[in-house]
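Subject: Handing over the structure

Hello,

Here is the structure I promised to pass on. Please have it open beside this message while you read.

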Amino acid sequence: MSKPSIATAVPLRRYRYGEFTLTVLGDVDSQDDIDYRYILAVVQGDDPEPGLYITAERGSGHDLAMRIMMRDGDEVIGQSDQRHELDDFVDGAIKIVSQVLSLSDETPYQLM
């Protein structure tokens, strides 16, 4: 599976979204060559490992690349300068999760 190589990170928010738990991480120190601004990790039920990640990655200039990482690979799904703020990242990432996991009938609830 394609996934971020996280050395340390600070949990910023947690959501319940249907049968999934979404955890937003910031202050990410990674062991790969990617400079992560934020990571949203998606865990299903009692599974100890996330099965889906949405990341905001710093690139050149002020833009951030949004990437989706799943069991079958990863893909950059857009570039934006709107993902520097936590709320903007969370809103965009939850929309992506909703589409990918077909959760349009569910409502995410913030736990922390």
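Below is what was found in it, going from the strands to the side chains.

Please keep in mind that this is a predicted model.

**Strands**

A good place to begin is strand 1, which covers residues 6-17. Strand 1 pairs with strand 2 (residues 20-30) in the antiparallel sense, over nine bridges. To find your way along this pairing, look for V10, whose bridge partner in strand 2 is G26. The two strands make a hairpin with two residues between them. In that turn sits G18, with a positive phi of about 65°.

Strand 1 has another antiparallel neighbour: two bridges join it to strand 7, residues 109-110. There, Y15 stands opposite Q110.

**The aromatic pair**

The count of aromatic pairs comes to one. Y38 and F89 form this pair, and their rings are stacked, with 5.3 Å from centre to centre and 25° between the planes. Y38 belongs to strand 3 (residues 35-44) and F89 to helix 1 (residues 86-100), so the contact ties together parts that are 51 residues apart in sequence. Are these two residues buried or exposed? Both Y38 and F89 are buried.

**Salt bridges**

The salt bridges number six, and here are some of them.

E49 forms a salt bridge with K3, and their closest N and O atoms are 3.6 Å apart. Since E49 lies in the loop between strand 3 and strand 4 (52-58) and K3 in the segment before strand 1, this pair ties together parts that are 46 residues apart in sequence. E49 is partly exposed, with a relative accessible area of 42%, and K3 is partly exposed at 44%.

D87 and R13 also meet through their side chains, at 2.5 Å from N to O. This salt bridge links distant parts of the chain, as D87 is in helix 1 and R13 in strand 1, 74 residues apart. D87 counts as partly exposed, at 44% relative accessibility, whereas R13 is buried, with a relative accessible area of 16%.

What do E57, R67 and D74 have in common? They are linked in a network of salt bridges. Within it, the side chains of D74 and R67 meet at 2.6 Å, N to O. D74 has 39% relative accessibility and counts as partly exposed, while R67, at 17%, counts as buried.

Enjoy exploring it!

Best wishes

Notes: Residues numbered from 1 in each chain as written. Predicted model: local features only at pLDDT ≥ 70, side-chain atom pairs only at ≥ 80, totals over all residues. Heavy atoms only, no water. Phe/Tyr/Trp six-rings, centres within 6.5 Å; stacked < 30°, edge-to-face > 60°. Helix = DSSP H or I, 4+ residues; strand = E, 2+ residues; numbered from the N terminus. Buried < 20%, exposed > 50% of the residue type's maximum accessible area, 1.4 Å probe, protein only. Pairing = 2+ DSSP bridges. Salt bridge = Lys/Arg side-chain N within 4 Å of Asp/Glu carboxyl O.
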